[in-house]
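Got your viewer open? Load the model and keep the selection panel handy, since we'll hop from stop to stop.

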Amino acid sequence: MLYLEILGNLPEMAMDEVKAMLELSGGKISGRDYLFLKLDADERAFPFLQRLGLAHEYGELLLEAESVEGLIEMAAEIEWPIKGTFKVDTETMTNCSHNVRDLPRKLGAVITSQGHRVNLSSPQTLVRVYCGEKLYAGIRLHYFDPKDFERRKAHHRPFFRPISLHPRVSRALVNLTKARKEILDPMMGAGGILIEAGLIGLKVYGVDIKPEMVEGAKINLEHYGIKDYVLKLGDATELEKVFPGKEFEAIATDPPYGTSATLAGRRRDDLYRKVLRSTYSVLKEGGRLAIAFPADFDGEREAEAVGFTLVGKYYQRVHKSLKRYFYVFEK
Ligand SMILES: C[S@@+](CC[C@H](N)C(=O)[O-])C[C@H]1O[C@@H](n2cnc3c(N)ncnc32)[C@H](O)[C@@H]1O
């Protein structure tokens with residue numbers, strides 16, 4: 001049994017991202033306590049879980065208890081798989097309904113009594129205790145270092161455009177499509193989504209209507225060591241012409257939200273409708289599209305009119321004048 005802690009800012013999207021990865025690797029989410037997920041999965045899931053964008057960490061789940069006393073009793077009955085030194089670290093979630101103040105000390109004493117040594121400054125094994133409705137204890141196996149994503153934020157890229165999603169969100173959009181081999185971003189801008197897709201080993205296809213974006217996205221992809229890409233100057237409303245005869249496994253994109261500069265002279269809603277139609281026509285049967293639209297555009301209705309089925313919809317308020325939904329559709 002594994003545990004996984006998702007991030008708190010887009011929890012439903014984060015949970016569906018995990019679900020999508022488990023659908024690819026085998027396994028399922030078997031329980032949830034706020035941001036803490038129990039996964040019915042084994043090490044075959046690791047390469048897919050490591051792709052996640054909206055996750056904090058995952059590990060091996062060892063104990064689940066209704067009370068602090070219960071947890072300590074159970075802890076004494078198992079053999080702790082500690083490698084080297086250890087430290088107990090508690091995560092008190094906002095729904096924590098137990099008094100966990102003394103828990104690290106008590107649990108530390110149980111583990112020490114089995115012959116393991118504590119090292120508070122640089123432990124080799126991190127024992128994690130989560131407090132929510134219930135209590136959980138496990139061993140951390142993987143931590144998603146925020147610095148890895150921060151490093152790829154728009155202003156750190158050689159070709160800089162401010163209109164770009166956070167790398168964690170871009171990564172999640174890619175994962176929500178369940179892409180295994182390839183992905184297309186038909187309005188790639190500076191290539192934020194493609195960078196995240198390329199880094200997890202997908203072949204990336206990109207299109208933009210502006211030549212400087214095609215050039216800029218190439219510079220950015222090369223900067224992050226991504227080599228397997230095809231970038232084209234073209235129109236996202238005519239993808240059959242840009243890639244004649246090609247069908248894509250997955251598509252993820254973040255269309256412009258309405259400033260005249262990025263809409264290239266089109267009416268916004270008309271552009272969105274045409275993009276939906278065009279992406280549908282180049283997507284494989286069963287393939288997925290992950291796309292963002294401002295909240296005042298009914299993406300669900302418009303996509304269903306084209307033939308898509310909605311599989312996920314997540315709200316995000318970016319600032320006062322930008323509220324959007326991320327959608328996941330299936331053909
Ligand atoms: C919001 S930006 C994409 C940002 C990108 N996801 C990133 O992270 O850098 C939208 C892009 O769509 C492009 N665009 C607008 N109309 C287009 C069209 N009809 N076909 C292709 N690209 C288009 C704009 O030039 C712009 O670069």
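The tour below starts with the domains, then moves to their interface, a salt bridge elsewhere and a set of strands.

A word on ground rules: this is a predicted model, so local features need pLDDT of at least 70 and side-chain atom pairs count only at pLDDT 80 or more, while totals for chains, interfaces and linings use all residues. Residues are numbered from 1 along each chain as its sequence is written, and side-chain values use heavy atoms, with hydrogens and water left out.

**Stop 1: the two domains.** Colour 2–143 as domain 1 and 151–330 as domain 2; these bounds come from an automatic or database domain assignment. Their C-alpha centres are 34 Å apart.

**Stop 2: where they touch.** Select the residues in contact (heavy atoms within 4.5 Å): you should get 17 from domain 1 and 16 from domain 2. How much area do domain 1 and domain 2 bury between them? About 1,500 Å², with 61% of it on carbon and sulfur atoms. Buried area here is the accessible area (1.4 Å probe) that two parts lose on being put together, summed over both.

Now show K178 and E23 as sticks. They form a salt bridge, with the closest N and O atoms 2.7 Å apart. The term means a side-chain nitrogen of Lys or Arg within 4 Å of a carboxyl oxygen of Asp or Glu. Between domain 1 and domain 2 the count is one salt bridge. On the domain 1 side, helix α1 (residues 11–25) gives the most to the surface touching domain 2, with eight residues. That side of domain 1 divides into ten nonpolar, two polar and five charged residues. Nonpolar covers Ala, Val, Leu, Ile, Met, Phe, Trp, Tyr, Cys and Pro; charged covers Asp, Glu, Lys and Arg; the others, Gly among them, are polar.

**Stop 3: R32 and E12.** The model has 28 salt bridges by this rule. One to zoom in on is R32 with E12, whose closest N and O atoms sit 3.3 Å apart. R32 lies in strand β2 (residues 28–33) and E12 in helix α1, so the pair ties together parts 20 residues apart in sequence. Helices (H or I, at least four residues) and strands (E, at least two) are DSSP runs, numbered from the N terminus.

**Stop 4: strands around β14.** Select β13 (309–319) and β14 (322–330): they run antiparallel, joined by nine bridges, and a hairpin connects them through two residues. Strands pair if DSSP finds at least two bridges between them. Find Q316, which stands opposite R324 in β14. Next add β12 (283–294), antiparallel to β14 with seven bridges. Finish on F326 in β14: F326 is the bridge partner of A292 and also of Y314.
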